[in-house]
Amino acid sequence: VSQSRYNQAWERLGYRWPQSKLGTVPYVVMDNRLKTTAGRAWIEEGKIDLSTSLMLDFPRRFCMDTIPHECAHIAAYRIFGYGMKRGESHGDPWRMMMQDLGLPPNVYHDMIEQRTLKQLNRRG
């Protein structure tokens, strides 16, 4: 996944929110241990972990959905200080960031189910 998608998401958020609040673009680490979670935002560190296996199976979905989803977590934290408490991660500030990115605020993905369906179809 190219760094440009992160830059695009961050630039889009910058249309509404001051760069002084957004800060630097989050950095990304590919994580072979993530099997069912597409991504994980470490909001204090400004770091995003992405599932290597799911990204390889669903590169377009990662670019269009997962990357902006995780960037929205970091932006909500940096702008509102939101997301540290249990149950806060997908609340109103995060939803606002997703809307600013032009995306529905979907919390869950169905990539695991899609992978299973593909495997079943291959078996015939």
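Helix 4 of this predicted model runs over residues 59-80, and its 22 residues reach 30 Å from first C-alpha to last, close to the 32 Å expected at 1.5 Å a residue. The helix carries a kink of about 30° at aspartate 65, shortly before proline 68. Just after helix 4 comes glycine 81, with a positive phi of about 70°.

Now to the sheet. It is open and built from 3 strands in the order 1-3-2, with mixed pairing. Strand 1 (27-31) and strand 2 (39-42) stand at the edges with a single partner strand each, so one side of each is left without a neighbour in the sheet. From one strand to the next, the twist averages 20°. Helix 4 packs on this sheet and touches strand 2 and strand 3, its direction making about 150° with that of strand 3.

A closer look at strands 2 and 3 is worthwhile. They pair in the antiparallel sense over 4 bridges, strand 3 covering residues 47-51. In general, strands of a sheet pair through backbone hydrogen bonds, either parallel or antiparallel. The two strands form a hairpin with 4 residues between them, and glycine 46 in the turn has a positive phi of about 70°. Here is how two residues find their partners across the hairpin:

| Residue | Opposite residue in strand 3 |
|---|---|
| arginine 40 | aspartate 49 |
| glycine 39 | leucine 50 |

Glycine 39, which stands opposite leucine 50, turns up again in the pocket story. The largest pocket has a volume of about 790 Å³. Its lining counts 35 residues, and the closest to the pocket centre are Gly39, His69, Glu70, His73 and His90. Which elements each supply at least two residues of this lining? They are strand 2, helix 4 and helix 5 (92-100). The largest share, 7 residues, comes from helix 4. A reminder may help when viewing that helix: an α-helix has 3.6 residues a turn, so residues three or four places apart point the same way.

Helix 4 thus links the two topics: it packs on the sheet and also gives the largest share of the pocket lining.

Note on methods. Residues are numbered from 1 along each chain as its sequence is written. This is a predicted model: local features need pLDDT of at least 70, side-chain atom pairs count only at pLDDT 80 or more; totals for chains, interfaces and linings use all residues. Side-chain values use heavy atoms; hydrogens and water are left out. The expected span of a helix is 1.5 Å times one less than its number of residues. The bend at a residue is the angle between axes fitted to the seven residues ending there and the seven starting there. Two strands pair if DSSP finds at least two bridges between them. Axes are lines fitted to C-alpha atoms, for helices over the stretch in contact, and angles run from 0 to 180 degrees between N-to-C directions. Contact means heavy atoms within 4.5 Å. On a 1 Å grid over the protein atoms alone, a cavity is a set of points where a 1.4 Å probe fits but cannot get out, and a pocket is an open set with protein on both sides within 12 Å along at least five of seven lines; lining residues have an atom within 4 Å of a point. Grid points are joined across faces, edges and corners, and a volume is the space filled by probe spheres set on the points.
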